[in-house]
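User: I've got this structure open and I'd like to know what stands behind the labels people put on it. Can you take me through them?

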Amino acid sequence: MNYPSRVMTIAGSASGGSAGIQADLKTFQEIDVYGMSVVTAIVGRHPKTDKNVHPMTIEAIEAQFDTAMKQVGADALKTGMLFSTAVIETAAELIQGSSIPHIVVDPVMVGKLDSKLLADDAITALKEKLIPLATIITPNIPEASFLLDDRSISNVEELKQAAIDLYELGAKYVLVKGGRLSGPAVDVLYDGKTLTTFEAPRIDTVNTSGAGCTYSAAICAYLAKGKTVEEAVHLAKSFVTTAIEHGFSYNDMVGPTYHAAERKFGEAHPIKVN
Ligand code: PXL
């Protein structure tokens, strides 16, 4: 038997199922890798107290990682919502103490429904402790802008310059996602030498909750399967674009992308690579 590659996510639980750990595990399953999880916090707003982020202890985070590594091991790992300096430092230590070959850092800061997913004082640890360990980081425009001291990014040229400048933080590859610009959804990949753009047509939908989680989870899954970073980004962009195309909502709130779309509709969305 050819066992599936092993993929771990260290991220927050999004109880609505569109984002976070839930999006990661659904994506892993669709791409046929073996998914494991380390929950850093539970995100869900209490109807009376309004409390939205319910953190796990460092002990619980270490216990989950150790259990998954002992039971299974990992070929690739992604990080999502880590929230605090202490959790970022713990994730960095766990990654450094492992020999997992591919590390995807999605520098999650704010959710689509405006949940605050990174504490104000945690950006330094993210930049100094975690990003240097990354094979690839996957900021969207607000995240890239924040990592570059509130720089404004409003066109593809500025997206490219942001990727070049973020490379200085020490990741091997930087993918800056331009989904929030108008026009086609252009993402820029930089490896210290070459800029590559990945372009999908804009899809007219509001149902994109968890798209960033899904994209970075798909990159992680394809890296675990032995794809190069360029191939993994291309395949993942296609996967998430198809998932966005078939996004839906059960009510009048912003809904999820459809993780099963590529399998169900038998189509991988064409992506222009330049
Ligand atoms: O989409 C970003 C995100 C990541 N992780 C968790 C979330 C969200 C958005 O709400 O809840 C746990």
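Analyst: Here are a few labels, each set against its criterion. Keep in mind that this is a predicted model.

User: What makes strand 1 and strand 2 a pair?

Analyst: Two strands pair if DSSP finds at least two bridges between them. Strand 1 (residues 6–14) and strand 2 (residues 34–43) are joined by eight bridges and run parallel, so they count as a pair. For a spot to look at, find T9, which stands opposite S37 in strand 2.

User: Why is the crossover between them called right-handed?

Analyst: Point the strands away from you; the label applies if the path from the first strand over the helix to the second runs clockwise. Here the chain leaves strand 1, passes through helix 1 (residues 20–30) and arrives at strand 2, and this β-α-β crossover is right-handed.

User: Why is the pairing in the sheet called mixed?

Analyst: Strands of a sheet can pair either parallel or antiparallel. Strand 1 and strand 2 run parallel, whereas strand 2 and strand 3 (residues 53–55) pair in the antiparallel sense over three bridges. V43 has V53 in strand 3 as its bridge partner. Further along, strand 8 (residues 185–190) and strand 9 (residues 195–200) are antiparallel too, with six bridges, and Y190 stands opposite L195 there. The open sheet of 10 strands, in the order 3-2-1-4-5-6-7-8-9-10, thus has mixed pairing.

User: What makes strand 3 and strand 10 the edges?

Analyst: Each has a single partner strand, so one side of strand 3 and of strand 10 (272–273) is left without a neighbour in the sheet.

User: How do you know which residues are around the ligand?

Analyst: The cut-off is a heavy atom within 4 Å. The residues around the ligand include G12, S13, A14, V43, M81 and C213. The protein covers 88% of the 310 Å² of accessible area that the ligand has on its own. Strand 1 gives the most to this shell, with three residues.

User: Which classes make up that shell?

Analyst: Seven residues are nonpolar, four are polar and none is charged. Gly counts as polar in this scheme, and G12, G20 and G111 are among the residues of the shell.

User: What makes the hole in the protein a cavity?

Analyst: A 1.4 Å probe fits there but cannot get out. The structure has one cavity of 30 Å³ or more, and the largest has a volume of about 40 Å³. Its lining includes M81, F83, D106 and L126, and divides into eight nonpolar residues, one polar and one charged. Asp counts as charged, so D106 fits that class.

Technical notes: Residues are numbered from 1 along each chain as its sequence is written. This is a predicted model: local features need pLDDT of at least 70, side-chain atom pairs count only at pLDDT 80 or more; totals for chains, interfaces and linings use all residues. Side-chain values use heavy atoms; hydrogens and water are left out. On a 1 Å grid over the protein atoms alone, a cavity is a set of points where a 1.4 Å probe fits but cannot get out, and a pocket is an open set with protein on both sides within 12 Å along at least five of seven lines; lining residues have an atom within 4 Å of a point. Grid points are joined across faces, edges and corners, and a volume is the space filled by probe spheres set on the points. Accessible areas come from the Shrake-Rupley method with a 1.4 Å probe; for residues, only the protein chains shown count as cover. Helices (H or I, at least four residues) and strands (E, at least two) are DSSP runs, numbered from the N terminus.
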